[in-house]
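Please walk through the model below with the sequence alongside. The text starts from one helix and works outwards to the cores and domains.

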Amino acid sequence: MPPLSILDLAHITEGSTASDALRHSLDLAQHAERWGYNRFWLAEHHNMVGIASAATSVAIAHVAGGTRTIRVGAGGIMLPNHAPMIIAEQFGTLDALFPGRIDLGVGRAPGTDQRTMRALRRDPTSADTFPQDVMELQALLGPVQPGQVIQAVPGSDSNVPIWILGSSLFGAQLAAMLGLPYAFASHFAPNALFQALQVYRERFQPSAQLDKPYAMVGVNVIAADTDEEAKYLFTSAQQAFTNMFRGTRGKLQPPIDDIETYWTPAEKAQASSMLACSFVGSANTVREGLEGFLEQTGADELIVASAIYDHGKRLRSYEILADVRRTMRQAA
């Protein structure tokens, strides 16, 4: 059983506030640290009333400041939204505050819609320079070279680990070419998962950061004491994906008794396809699902998202998953 990590979207649930969401993120990270999770990542999204981690670097500092050992990072920073120099300074500062605990995952998507992208003053073509931006970021976080005029302070020589995030073959190819660890977003875009992993592993070129491929795979896990309860809790995520297709994004909704009355057959097919890498049920059910998934993917690490409305139930889900990992390691 490989290491387990957490991807937190800092969900703002119906009836709560961004303050509640960020407080819950820290509380989850503190529990996860005790339960043996490897890293805790927050994601950059903009103009979404249900997600509180838009200022991702600030949210990372909040979580890292309240924990002691767990790695904390971005899953990810949408690099075309920012100048590499700014991100190097932000993550160099985070590393100066929390040495050896900061990860920097970067992606090339906008993390929002087209109108919000313009509000971010992003050039629509900026994604085209993503590989060059990644290499610029590497240089700014790496050792200062003779005659180097521009330095990130803090940031230079921090060597904050950079990850490439992706849901297509583009990210896999770039991560392989640059010799960087790769995180695949199969928790919401699983279609190219196996092909991307194959491309990444076959084309990987060793680098100063990494001598062999390292692939982290995103999954959704909704665990509870019974299969029935877990399926009930999962309806919050199912509603969220359905609402996305309807263009009615909002706060995370409470679970409902019968999801079939909520979505149409077409919406069900779409949402179920995007949520295909989801493991929902009791400890035994989740274990069986993960064993098969790990055998198929050979993932070096799993990063787990859990869109659960009730914070106590979300903590319980991650606690059950930590127990599942211990059981699987003992069996191995």
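In helix α1 (residues 18-35), the buried residues are Asp-20, Ala-21, Ser-25, Leu-26, Leu-28, Ala-29, His-31, Ala-32, Glu-33 and Trp-35. Buried here means under 20% relative accessible area, exposed means over 50%, and partly exposed lies in between, with a 1.4 Å probe and protein chains only. Helices (H or I, at least four residues) and strands (E, at least two) are DSSP runs, numbered from the N terminus. The model is a predicted one, in which local features need pLDDT of at least 70, side-chain atom pairs count only at pLDDT 80 or more, and totals for chains, interfaces and linings use all residues. Residues are numbered from 1 along each chain as its sequence is written, and side-chain values use heavy atoms, with hydrogens and water left out.

The cover over the buried residues of α1 includes β1 (4-8), β2 (39-42), α2 (56-65) and α11; contact is taken as heavy atoms within 4.5 Å. The expected span of a helix is 1.5 Å times one less than its number of residues. For the 18 residues of α1 that gives 26 Å, which agrees with the 25 Å between its end C-alpha atoms. After α1 comes Gly-36, with a positive phi near 95°.

One of the elements covering α1, helix α2, also packs on helix α3 (residues 84-97), the two axes coming within 10 Å and crossing at roughly 5°. Because of that angle, α2 is roughly parallel to α3, the cut-off for this being under 35 degrees. Axes are lines fitted to C-alpha atoms, for helices over the stretch in contact, and angles run from 0 to 180 degrees between N-to-C directions. Ser-57, Ile-60 and Ala-61 of α2 make the contact with Gln-90, Phe-91 and Leu-94 of α3.

Further along the chain, helix α6 (residues 169-178) buries Gly-171, Ala-172, Leu-174, Ala-175, Ala-176 and Leu-178. These buried residues pack against α5 (130-141), β5 (162-166), β6 (182-184) and α7 (193-203). Just after α6, Gly-179 has a positive phi of about 65°.

Which residues touch the most other members of the largest nonpolar core? They are Tyr-37, Leu-104 and Val-106, in a core of 76 residues. Helix α11 (residues 311-331) supplies the largest share of this core, seven residues. A nonpolar core is a set of buried Ala, Val, Leu, Ile, Met, Phe, Trp, Tyr and Cys residues joined through side-chain atoms within 4.5 Å. Beyond its neighbours within four places in sequence, Val-106 is in contact with Ile-77, Leu-79, Phe-130, Val-134, Leu-137, Ile-162, Trp-163, Ile-164 and Leu-165. Apart from the largest core lies another, of 15 residues, including Phe-234, Ile-259, Val-280 and Ala-307.

The chain is divided into domain 1 (1-160) and domain 2 (216-297 + 305-331), with bounds from an automatic or database domain assignment. Their C-alpha centres lie 24 Å apart, and 25 residues of domain 1 are in contact with 23 residues of domain 2. The largest core draws at least three residues from each of these domains.

Two single residues complete the tour. Ser-282 sits in the loop between β8 (278-281) and α10 (283-297), and its 14% relative accessibility is why Ser-282 counts as buried. Leaving aside neighbours within four places in sequence, Ser-282 contacts Ala-224, Asp-225, Thr-226 and Asp-227. Thr-327, in helix α11, has 34% relative accessibility and therefore counts as partly exposed.

Notes. Angles under 35 degrees count as roughly parallel, over 145 as roughly antiparallel, 65 to 115 as roughly perpendicular and the rest as oblique.
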